[in-house]
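Student: I would like to go through this structure with you. May I put some questions as we look at it?
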Amino acid sequence: MDEGLKLNPDEAVVRRSEKIGYGRKKPFEIPGNRDELVLTNQSLILIKKGLLGGVKDYVRFPLSEVMIANGEAQAHVGKADFMTPTLDVYFQSGQESFRFEWENDARDWADSINEILTGKAPEKKDDMAWVAETLAMADSVAGSINKVRNALGIGQEEEASGICPGCGASISGIRGKTIQCPYCGTYYTF
Ligand SMILES: [Zn+2]
(Lines give C-alpha, C1' and ligand atoms only; values in the text may rest on other atoms or scores of the structure.)
Protein backbone atom coordinates (compact mmCIF):
# COMPACT_ATOMS: atom_id res chain seq x y z
CA MET A 1 0.00 0.00 0.00
CA ASP A 2 3.03 2.29 0.18
CA GLU A 3 3.56 2.71 -3.55
CA GLY A 4 2.13 6.20 -3.62
CA LEU A 5 3.16 7.44 -0.20
CA LYS A 6 5.99 9.77 -1.09
CA LEU A 7 8.06 10.97 1.80
CA ASN A 8 10.52 13.84 1.68
CA PRO A 9 14.21 12.88 1.97
CA ASP A 10 14.35 13.90 5.63
CA GLU A 11 10.89 12.66 6.52
CA ALA A 12 10.35 9.67 8.79
CA VAL A 13 7.22 7.77 9.73
CA VAL A 14 6.44 8.00 13.45
CA ARG A 15 3.01 6.37 13.60
CA ARG A 16 0.61 4.66 11.32
CA SER A 17 -2.95 3.54 11.99
CA GLU A 18 -5.61 1.87 9.91
CA LYS A 19 -9.39 1.99 10.25
CA ILE A 20 -9.43 5.76 10.43
CA GLY A 21 -12.42 7.87 9.47
CA TYR A 22 -11.97 11.38 8.20
CA GLY A 23 -14.05 14.21 9.57
CA ARG A 24 -16.80 14.20 12.13
CA LYS A 25 -19.42 11.65 11.26
CA LYS A 26 -22.63 13.15 9.95
CA PRO A 27 -25.86 11.96 11.51
CA PHE A 28 -27.02 8.65 9.99
CA GLU A 29 -23.77 8.25 8.07
CA ILE A 30 -22.47 4.70 8.06
CA PRO A 31 -19.18 4.85 9.95
CA GLY A 32 -16.85 3.62 7.26
CA ASN A 33 -13.50 3.96 9.00
CA ARG A 34 -11.44 2.58 6.17
CA ASP A 35 -8.79 5.26 5.71
CA GLU A 36 -5.25 5.12 6.94
CA LEU A 37 -3.40 7.83 8.84
CA VAL A 38 0.35 8.30 8.85
CA LEU A 39 2.23 10.62 11.17
CA THR A 40 5.69 11.66 10.08
CA ASN A 41 8.02 14.16 11.68
CA GLN A 42 6.62 16.70 9.19
CA SER A 43 3.03 15.90 8.38
CA LEU A 44 -0.15 14.06 9.04
CA ILE A 45 -0.91 12.13 5.86
CA LEU A 46 -4.40 10.78 5.32
CA ILE A 47 -4.56 7.88 2.91
CA LYS A 48 -8.13 7.84 1.64
CA LYS A 49 -9.32 4.45 0.55
CA GLY A 50 -12.22 3.25 -1.52
CA LEU A 51 -14.74 0.59 -0.61
CA LEU A 52 -12.47 -2.17 -1.84
CA GLY A 53 -9.41 -0.85 -0.03
CA GLY A 54 -7.79 0.81 -3.02
CA VAL A 55 -6.02 4.11 -2.41
CA LYS A 56 -8.08 7.04 -3.65
CA ASP A 57 -6.06 9.98 -2.45
CA TYR A 58 -3.25 11.20 -0.24
CA VAL A 59 -3.93 14.31 1.78
CA ARG A 60 -1.12 16.06 3.59
CA PHE A 61 -1.60 18.20 6.66
CA PRO A 62 1.71 19.93 7.49
CA LEU A 63 2.55 19.84 11.20
CA SER A 64 4.14 23.28 10.83
CA GLU A 65 0.60 24.66 10.60
CA VAL A 66 -0.63 23.08 13.81
CA MET A 67 -1.54 25.74 16.36
CA ILE A 68 0.47 25.87 19.57
CA ALA A 69 -1.11 27.32 22.71
CA ASN A 70 0.52 27.55 26.15
CA GLY A 71 3.39 25.44 24.86
CA GLU A 72 1.05 22.61 23.84
CA ALA A 73 0.26 21.49 20.32
CA GLN A 74 -3.47 21.75 19.74
CA ALA A 75 -4.09 18.08 19.11
CA HIS A 76 -6.69 16.62 21.44
CA VAL A 77 -8.90 13.64 21.88
CA GLY A 78 -12.55 14.37 21.25
CA LYS A 79 -15.75 12.54 20.47
CA ALA A 80 -17.55 12.47 17.15
CA ASP A 81 -20.65 11.12 18.85
CA PHE A 82 -21.18 9.30 22.12
CA MET A 83 -19.11 6.37 20.96
CA THR A 84 -16.48 7.41 18.48
CA PRO A 85 -13.20 8.89 19.71
CA THR A 86 -11.56 11.47 17.48
CA LEU A 87 -8.19 13.04 17.17
CA ASP A 88 -8.95 16.74 16.74
CA VAL A 89 -6.09 18.80 15.36
CA TYR A 90 -6.28 22.58 15.06
CA PHE A 91 -4.45 23.92 12.04
CA GLN A 92 -4.11 27.56 11.07
CA SER A 93 -6.65 26.81 8.36
CA GLY A 94 -9.12 25.19 10.74
CA GLN A 95 -9.86 22.01 12.66
CA GLU A 96 -9.45 18.54 11.22
CA SER A 97 -10.92 15.46 12.90
CA PHE A 98 -9.91 11.87 12.45
CA ARG A 99 -12.10 9.14 13.86
CA PHE A 100 -10.36 6.32 15.70
CA GLU A 101 -11.49 2.93 16.87
CA TRP A 102 -9.90 3.32 20.29
CA GLU A 103 -9.57 6.36 22.50
CA ASN A 104 -6.14 5.26 23.75
CA ASP A 105 -4.89 5.22 20.17
CA ALA A 106 -6.18 8.74 19.55
CA ARG A 107 -4.48 9.85 22.77
CA ASP A 108 -1.16 8.30 21.72
CA TRP A 109 -1.42 10.17 18.43
CA ALA A 110 -2.14 13.47 20.20
CA ASP A 111 0.85 12.84 22.47
CA SER A 112 3.12 12.05 19.51
CA ILE A 113 2.09 15.21 17.65
CA ASN A 114 2.75 17.25 20.77
CA GLU A 115 6.11 15.58 21.24
CA ILE A 116 7.19 16.27 17.65
CA LEU A 117 6.16 19.93 17.82
CA THR A 118 7.20 20.85 21.35
CA GLY A 119 9.80 18.21 22.18
CA LYS A 120 7.83 17.39 25.31
CA ALA A 121 7.28 13.74 26.15
CA PRO A 122 3.76 13.02 27.34
CA GLU A 123 3.21 13.10 31.08
CA LYS A 124 1.99 9.83 32.41
CA LYS A 125 -0.90 11.57 34.13
CA ASP A 126 -3.34 9.23 32.40
CA ASP A 127 -2.24 6.32 34.56
CA MET A 128 -2.78 8.31 37.72
CA ALA A 129 -6.14 9.51 36.52
CA TRP A 130 -7.05 5.91 35.98
CA VAL A 131 -5.96 4.97 39.49
CA ALA A 132 -7.90 7.89 40.97
CA GLU A 133 -10.97 6.92 38.99
CA THR A 134 -10.71 3.32 40.09
CA LEU A 135 -10.33 4.34 43.72
CA ALA A 136 -13.29 6.68 43.47
CA MET A 137 -15.33 3.87 41.97
CA ALA A 138 -14.24 1.44 44.72
CA ASP A 139 -15.20 4.11 47.26
CA SER A 140 -18.63 4.57 45.79
CA VAL A 141 -19.12 0.80 45.69
CA ALA A 142 -18.12 0.63 49.37
CA GLY A 143 -20.54 3.48 50.07
CA SER A 144 -23.33 1.59 48.31
CA ILE A 145 -22.56 -1.54 50.28
CA ASN A 146 -22.80 0.44 53.52
CA LYS A 147 -26.13 1.87 52.44
CA VAL A 148 -27.41 -1.64 51.77
CA ARG A 149 -26.06 -2.81 55.13
CA ASN A 150 -27.74 0.09 56.90
CA ALA A 151 -31.00 -0.57 55.08
CA LEU A 152 -30.83 -4.20 56.22
CA GLY A 153 -30.09 -3.13 59.76
CA ILE A 154 -26.61 -4.57 59.74
CA GLY A 155 -24.91 -1.19 59.79
CA GLN A 156 -21.17 -1.42 59.71
CA GLU A 157 -19.29 -0.14 62.73
CA GLU A 158 -17.37 2.92 61.76
CA GLU A 159 -14.17 3.90 63.47
CA ALA A 160 -14.06 7.41 64.83
CA SER A 161 -11.54 9.52 66.65
CA GLY A 162 -11.69 12.71 68.63
CA ILE A 163 -10.15 14.85 71.33
CA CYS A 164 -11.09 14.14 74.92
CA PRO A 165 -12.91 17.20 76.30
CA GLY A 166 -11.45 16.44 79.74
CA CYS A 167 -7.72 16.21 79.07
CA GLY A 168 -7.24 16.90 75.35
CA ALA A 169 -5.84 13.47 74.57
CA SER A 170 -6.49 11.86 71.18
CA ILE A 171 -8.99 9.08 71.67
CA SER A 172 -10.65 6.68 69.29
CA GLY A 173 -13.62 4.37 69.27
CA ILE A 174 -16.75 3.48 67.30
CA ARG A 175 -19.10 6.14 65.93
CA GLY A 176 -22.21 6.47 68.09
CA LYS A 177 -20.64 4.64 71.03
CA THR A 178 -19.55 6.10 74.35
CA ILE A 179 -16.16 5.38 75.86
CA GLN A 180 -14.38 6.43 78.98
CA CYS A 181 -11.14 8.32 78.35
CA PRO A 182 -8.30 5.99 79.42
CA TYR A 183 -6.31 9.01 80.69
CA CYS A 184 -8.75 11.08 82.73
CA GLY A 185 -11.94 9.02 82.97
CA THR A 186 -14.19 11.48 81.14
CA TYR A 187 -17.05 9.88 79.19
CA TYR A 188 -17.12 10.76 75.49
CA THR A 189 -19.57 9.83 72.74
CA PHE A 190 -18.20 9.73 69.20
ZN1 LIG B 1 -9.27 12.47 78.94
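Student: To start with a detail, what is the bridge partner of Leu 37 in β3?
Tutor: Leu 37 has Leu 46 as its bridge partner in β3. Please keep in mind throughout that this is a predicted model.

Student: Over how many bridges do β2 and β3 pair?
Tutor: The two strands pair over 4 bridges, in the antiparallel sense. A hairpin of 2 residues joins β2 to β3.

Student: And how does β2 pair with β1?
Tutor: That pairing is antiparallel as well, with 5 bridges between β1 and β2. Within it, Arg 15 has Leu 39 of β2 as its bridge partner.

Student: Why is β2 described as largely enclosed by the rest of the structure?
Tutor: The description follows because 5 of the 6 residues of β2 are buried. A residue counts as buried if 20 or more other C-beta atoms lie within 10 Å of its own.

Student: Let us step back. What is the strand order in the open sheet?
Tutor: The open sheet has 7 strands in the order β4-β3-β2-β1-β9-β8-β7, and the pairing is antiparallel. At the edges are β4 (55-62) and β7 (75-79), each of which pairs on one side only. From one strand to the next, the twist averages 35°.

Student: Which strands of the sheet does α1 touch?
Tutor: Helix α1 packs on the sheet and touches β1, β2, β7 and β8. The direction of α1 makes about 160° with that of β7.

Student: What about the pairing of β7 with β8?
Tutor: Those strands pair over 5 bridges in the antiparallel sense. For example, Lys 79 has Pro 85 in β8 as its bridge partner.

Student: Moving to the interior, which residues touch the most other members of the largest nonpolar core?
Tutor: They are Ala 75, Leu 87 and Ile 113, in a core of 19 residues. The elements that contribute two or more residues to this core are β2 (35-40), β3 (43-49), β8 (85-91) and α1 (103-118). In soluble globular proteins, nonpolar side chains tend to be buried together.

Student: Which residues is Ala 75 in contact with, leaving aside its neighbours within four places in sequence?
Tutor: Ala 75 is in contact with Val 66, Leu 87, Val 89, Ala 110, Ile 113 and Asn 114.

Student: How much of the chain is buried overall?
Tutor: Buried residues account for 15% of the 190 residues in the protein chain. The chain has 2 helices and 13 strands.

Student: A different topic: what is the phi of Lys 19?
Tutor: The phi of Lys 19 is near 55°, a positive value in a residue other than glycine. Most residues other than glycine have a negative phi. Lys 19 is in strand β1 (residues 13-22), and with 15 other C-beta atoms within 10 Å this residue is partly exposed.

Student: And where does Asn 70 lie?
Tutor: Asn 70 is in the loop between β5 (68-69) and β6 (72-73). Its phi is positive, about 50°, although it is not a glycine. Asn 70 counts as exposed because it has 5 C-beta neighbours inside 10 Å.

Student: Finally, which element has the lowest mean pLDDT?
Tutor: Helix α2 (residues 125-151) has the lowest mean pLDDT among the elements, 71, while β2 has the highest, 96. The chain as a whole averages 86, and 89% of the residues score at least 70.

Technical notes:
Residues are numbered from 1 along each chain as its sequence is written. This is a predicted model: local features need pLDDT of at least 70, side-chain atom pairs count only at pLDDT 80 or more; totals for chains, interfaces and linings use all residues. A residue is buried if 20 or more other C-beta atoms lie within 10 Å of its own, exposed if 12 or fewer, and partly exposed in between; C-beta atoms are placed from the backbone. A nonpolar core is a set of buried Ala, Val, Leu, Ile, Met, Phe, Trp, Tyr and Cys residues joined through C-beta atoms within 7 Å. Two residues are in contact if their C-beta atoms, placed from the backbone, lie within 7 Å. pLDDT is the predictor's confidence in each residue, from 0 to 100. Two strands pair if DSSP finds at least two bridges between them. Axes are lines fitted to C-alpha atoms, for helices over the stretch in contact, and angles run from 0 to 180 degrees between N-to-C directions.
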